[in-house]
Structures are given as structure tokens and as C-alpha cells.
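Welcome, and please open the structure in your viewer. We will move through it one selection at a time.

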Amino acid sequence: MDFSLSDELSALQASVRRLAQDKVKPRARAIDKDAAYPQDLFDAFRDAGLLGLCIPTDYGGSGAGILGLAVAIEEVAKYSNAAALMLLLTRLPTGPLLIAGTEAQKEKYLIAIAEGTQRAAFGLSEPQAGSDVMGMRTRGVPDGGGGWILNGTKCWMSGVREADWYTVFAKTSEPTSRAHDSITAFIVERKWDGVEVGRTDHKMGVKGVDTGELVLTDVAVPAENVIGEVGGFRLAMLGLNAMRPIVAARGIGLAEGALMYATEYVQQRAAFNKTIADFQGIQWEIAKCAVDIEAARLLTYRAAVLADEGKFTKEYVPYLSMAKYHATELAVRASSLAVQLLGAAGYMEDHPTEQWYRDAKQLTIVEGTSQVQLGLIARGVLDRDLWWD
Ligand SMILES: Cc1cc2nc3c(=O)[nH]c(=O)nc-3n(C[C@H](O)[C@H](O)[C@H](O)COP(=O)(O)OP(=O)(O)OC[C@H]3O[C@@H](n4cnc5c(N)ncnc54)[C@H](O)[C@@H]3O)c2cc1C
């Protein structure tokens, strides 16, 4: 058992830490305020080779894997969760292709992501089908010539407006079916007829990278754009399982940023002829949060290593889900503590604490809510996938 990062990953961590301090930190508040897509940061990530971290070298990436991407996201999320989301979006929509895409799909779509010439987004949720994905109404029907016609509306899709293509899931058997083989994954290009970005959402946090609707009206999808098998819904779940450590990294980075900021503040803030940091009650809060952060990092790095080893099938789900659950709930607790430790100042826009607090909350909702993760962890224990005997 080795708890240290490899030399390559340590070097990656150091270089992304510098980039995050130099380029992301000074931009973070303006991105939140203006809610405008930070193209300059996308360009900086591209120039630093960060858009291809999780893409294999055969397809133009660096092959740093899920652990590499998680390490990079942790650094960026110390300052901006929107910027961290931009990195996450190199993996969420490409995950199903990486797992089950054809050679032609990988060459056509993955290389452009790694090079930063294209962007992608992931369409699973629908207004009436979030946690309950089997309730989706987007339909794919055969066009008679081997291809498919797609109709439906996806919602809350991160990066929908900037994307050049989408990984979209649709019912390909009876609309009322709840069988797993009733859903298929497709690659849908933005420029195709019938593909439109609908309304975009006004969000509480993580502004700058929009979320919104993708409206599909009689979209003709060629057979070669089916990902994996027709009826291969399992792909969505495998893709999301492998994503757990990456979302978790957004949580631990945010928590680290918030605790460091609040610690520096209380060490300088005078009260009762001392600093706030001199009070034991405050020190214990800092200590508890530090324990929480390190526990989340261990869970997250282990989950990333498992995912990189291809261990994201059912028996590994509890380990992956607990990283996501713990790290994202931690982000909410740590950002709340940071606001509290700054007092009134923490509530004001003069400090980033109120932004971290708003940003953190989305992490316990996206890609499987905390309740969904708890359900998966409990299922793992009940099924003895997680057992200590
Ligand atoms: C900022 C943001 C970005 C997003 N980006 C994307 C994206 O890029 N692509 C995409 O497809 N989706 C995206 N989503 C949607 C996200 O994946 C869903 O919000 C999430 O899956 C939860 O679905 P829901 O919002 O419909 O909540 P619901 O499923 O309606 O759940 C409501 C509440 O009930 C709880 N609940 C539901 N089922 C159970 C259960 N079985 N047991 C116990 N409690 C339960 C939930 O935990 C939650 O607290 C995004 C959401 C947000 C907020």
C-alpha cells in the first residue's frame, strides 16, 4: 500500500496548483458575478494539456486517467467550481465512449476533446426523470435504414450551450418500459437538423458554465452513432460510477479552499485581546474539518485508482459512491464553516466564502444525489459487496 502520488502525478499537481493560483483564482469572483463562460480559462486549460487528462494517449490525451483528472480538479476547485466543471466535462460525456465506443467514434470525437477543438455535454436528466432515470421520455425509434430518429427534451445539462456534441440517452423500446435494456446511448451533434438548445437555467451557484435544455425534434442519428449496444443502458451507470471520484474532487478542492481561507482570516482577526484562532472552540472546528478533508481525499483517491483499474462495476459501487457522498457533503459543511468563521464578512460578497457556500450545494445533487449514493452504499452492504469479514 502506497499513499503517495507518482512522480508524474505530483508534477501534475504542482503545475495545476500554479495555474490555478495564477489564472483561476483572480478570475473566480468575476466568473460568478458575470455568469459568462470563461473562454480564457478554457484556453489556458487547453494550452496546459489539461483537457486530455482522462483521454488515452492513442486519442491525443495524456492518459493521466481518472486519478490525474481528480488531482487537477482538486486544485482548480480551491478557487472556482465552474472552472473545475469545465475539466469535469472532458470526462462525463466521453465516459460511455471510453467504455464502449467504437474505434471510429473514439477517433472522431475524443481527439477533438483532448485538443480543445470541441466540447461535449451529457444528457441523461429530464424534467420528470432525475434520480428516476428510467422515467425518461426521450424516444429513439428505428428509421428503417439502420439509423434512429430521436425526439425529446433533456434538461439541466451542464455546458449545453458550448457543446459541439452530446451523449444522449433515449428509450428505444416501449416508452413505459422500466427494463434496463430499454435505454440506448447516442452521440448527437449540435449542428444536425432538429437539435436545439432550449432555455438555460438561472442558478444559485457554479455560474459561468450554464445548464439548460437540449431539445431534439426528429433528429436523424446514424447507426454508427449508437454507443455500445442498443439497449445498453448499463453504460450510463458504468459511466456515472467511474465519475464519482471526479465529482468528489470538486468537493474536496472546494473544502480545502474554504478552510484555508477561513484559517488565514481567523489568525488575523483580533477579538477579546487575542485572535479568533486562539480560541479552542474555533481550533476544534478547524481540526474537525481538516480530518474530514483528509478522510474525503483518501476515499476519493482510492475510488479514482479503482476506476482507473476498470473497477466500476456493481461490486465496487459502494467505494465509489462513498467518495462522492462524503466529499460533496463535506464541501457543504466546510463552506458553511468558512462563512461562520468570517462572521458578517463571510456573508458578504467581499469574500469568496458566500460563493463557495452556494457552489457547494450543487455537488450533493448532481450525478446522483446524496440520498441516491446512500442507497447505493446500503445496497452494497446488504448484498455483501461491502463487508468486513
Ligand atoms: C447545476 C446542475 C447541473 C446538472 N448537470 C447535469 C448534466 O450535465 N446532465 C444531466 O443529465 N443532468 C444534470 N443535472 C441534473 C442532476 O443529475 C439531477 O438534478 C439529479 O440526478 C437529481 O434529479 P432531480 O433533480 O430530478 O431530483 P429528484 O430525483 O426529483 O429528487 C428530489 C429529492 O428526492 C430525493 N430522492 C429521489 N429518489 C430517492 C430515493 N429513491 N430515495 C431517497 N431519496 C430520493 C433526492 O435525493 C432529492 O433530494 C444537473 C443538476 C444541477 C443542479
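The tour below goes from a helix to the ligand and then to some salt bridges. Keep in mind throughout that this is a predicted model.

**Stop 1: helix H8**

Start by selecting residues 234–268, which form helix H8. This helix has 35 residues and reaches 52 Å from its first C-alpha to its last, close to the 51 Å expected at 1.5 Å a residue. Now zoom in on Met243, where H8 has a kink of about 40°. The proline Pro245 comes shortly after that kink. Is H8 enclosed by the rest of the structure, or open? It is largely enclosed, because 27 of the 35 residues of H8 are buried.

**Stop 2: the ligand**

Next, select the ligand and show what is around it. You should find 15 surrounding residues, and the closest are Ser131, Trp156, Gln362, Thr369 and Gln371. Start with Ser131: a polar atom of its side chain is 2.6 Å from an oxygen atom of the ligand. At Leu124, look at the backbone instead, where a polar atom is 2.9 Å from an oxygen atom of the ligand. Trp156 also uses its backbone, with an N or O atom 2.7 Å from a nitrogen atom of the ligand. How much of the ligand's accessible area does the protein cover? It covers 61% of the 970 Å² that the ligand has on its own.

**Stop 3: salt bridges**

Now turn to the charged side chains, among which 24 salt bridges are counted. Select Glu75 and Arg17, whose side chains meet in one of them at 2.9 Å, N to O. Glu75 lies in helix H4 (residues 65–76) and Arg17 in helix H1 (residues 7–24), so the pair ties together parts that are 58 residues apart in sequence. Glu75 is buried at 1% relative accessible area, whereas Arg17 is partly exposed at 33%.

For a pair within one helix, select Asp43 and Arg46, which meet at 3.3 Å, N to O. They are three residues apart in helix H3 (residues 39–47), about one helical turn.

Then pick Asp210 and Arg161, joined by a salt bridge of 3.5 Å, N to O. Asp210 sits in the loop between strands E6 and E7, and Arg161 in the loop between strands E3 and E4, so this bridge ties together parts 49 residues apart in sequence.

Asp210 counts as buried, at 8% relative accessibility, while Arg161 is partly exposed at 43%. For a last selection, take Arg17, Glu74, Glu75, Lys78, Glu256, Glu294 and Arg297, which salt bridges with shared partners join into one network.

Methods: Residues are numbered from 1 along each chain as its sequence is written. This is a predicted model: local features need pLDDT of at least 70, side-chain atom pairs count only at pLDDT 80 or more; totals for chains, interfaces and linings use all residues. Side-chain values use heavy atoms; hydrogens and water are left out. Helices (H or I, at least four residues) and strands (E, at least two) are DSSP runs, numbered from the N terminus. The expected span of a helix is 1.5 Å times one less than its number of residues. The bend at a residue is the angle between axes fitted to the seven residues ending there and the seven starting there. Buried means under 20% relative accessible area, exposed over 50%, partly exposed in between (1.4 Å probe, protein chains only). A residue is near a molecule or strand if one of its heavy atoms lies within 4 Å of it. A polar contact is a pair of N or O atoms within 3.5 Å; within protein, one must be able to donate a hydrogen and the other to accept it, and residues adjacent in sequence count only if both atoms are side-chain atoms. Accessible areas come from the Shrake-Rupley method with a 1.4 Å probe; for residues, only the protein chains shown count as cover. A salt bridge is a side-chain nitrogen of Lys or Arg within 4 Å of a carboxyl oxygen of Asp or Glu.
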